[in-house]
Amino acid sequence: MASRWPAFGLIVAGVLAASSPAFAHHSWRGFDAANATTVKGTVTNFDWANPHVWISLEVKDDKGNIQKWTAGGPSPSRMANTGWDKDTLKPGDEITVTGTRGNDGAYQLRLTKVTLADGRELVCYGKR
């Protein structure tokens, strides 16, 4: 019986080590999933990289002041499945982004969709 404990300990250690990446990944907790926010602005950066795609844009408020917003989406592979690629957006593009805003009031969205200047809508999750 005593010789089974070292084997059991190794199995538990292996399972914990294999599952640690799942514990390390963050969620979109802290975003107001009940209310969508939509802002229109100019793309300043489009970061097509893992683990999440990020769009930076400048948005003018109702007084003409510039607000610097960021909008994060899923991984590039998930967005590619809905029609996106690394060349979808470029600095200077005028877009409208829709997503859920952080509860802290920061100018940050969990991206749901982007509407291009020509009216095309690109979703970030799900199917085209």
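A residue counts as buried when its relative accessible area is under 20%, as exposed when it is over 50%, and as partly exposed in between. The exercises below apply to a predicted model.

**Exercise 1. Decide whether Thr98 is buried or exposed, and find what surrounds this residue.**

Step 1. Locate the residue: Thr98 lies in strand S4, which spans 94-102.

Step 2. Compare its accessibility with the cut-off. Thr98 has 11% relative accessibility, so this residue counts as buried.

Step 3. List the neighbours, leaving out residues up to four places away in sequence. Thr98 touches Ala36, Thr37 and Thr38, and also Leu109, Arg110, Leu111, Thr112 and Lys113.

Step 4. Look for a polar partner. The side chains of Thr98 and Thr38 make a polar contact at 3.1 Å.

**Exercise 2. Classify Ala117 as buried or exposed, and place this residue in the chain.**

Step 1. Ala117 belongs to the loop that joins strand S5 (108-116) to strand S6 (121-123).

Step 2. The relative accessible area of Ala117 is 69%, and therefore Ala117 is exposed.

Step 3. Check a residue distant in sequence. Asp93 is 24 residues away from Ala117 along the chain, and their C-alpha atoms are separated by 7.7 Å.

**Exercise 3. Describe the largest nonpolar core: how many residues does it have, and which strands supply them?**

Step 1. The largest nonpolar core has 20 residues. Those with the most contacts inside this core are Ile55, Trp84, Leu89, Ile95, Val97 and Val114.

Step 2. Assign strands. At least two core residues come from each of S1 (31-47), S2 (54-60), S3 (66-72), S4 (94-102) and S5. S5 gives the largest share, four residues.

Step 3. Take Leu89 as an example. Setting aside residues up to four places away in sequence, Leu89 touches Val43, Phe46, Ile55, Trp84, Ile95 and Leu116.

Step 4. Turn to the aromatic rings. The model has three aromatic pairs, and ring pairs link Phe46, Trp48 and Trp84 into a cluster.

**Exercise 4. Summarise the chain as a whole: what pattern do its helices and strands follow, and what share of its residues is buried?**

Step 1. Count the elements: the protein chain has two helices and six strands. In sequence order the pattern is α-β-β-β-α-β-β-β.

Step 2. Of the chain's 128 residues, 30% count as buried.

Step 3. Consider the surface. The accessible surface comes to about 8,300 Å², and carbon and sulfur atoms account for 55% of this area.

Step 4. Consider sequence range. Among contacts between residues at least 6 apart in sequence, 54% join residues at least 24 apart.

Notes
Residues numbered from 1 in each chain as written. Predicted model: local features only at pLDDT ≥ 70, side-chain atom pairs only at ≥ 80, totals over all residues. Heavy atoms only, no water. Phe/Tyr/Trp six-rings, centres within 6.5 Å; stacked < 30°, edge-to-face > 60°. Buried < 20%, exposed > 50% of the residue type's maximum accessible area, 1.4 Å probe, protein only. Contact = heavy atoms within 4.5 Å. Areas by Shrake-Rupley, 256 points an atom, 1.4 Å probe, with all protein chains shown as cover. Core = buried A, V, L, I, M, F, W, Y, C linked by side-chain atoms within 4.5 Å. Polar contact = N/O pair within 3.5 Å; in protein donor to acceptor, adjacent residues only side chain to side chain.
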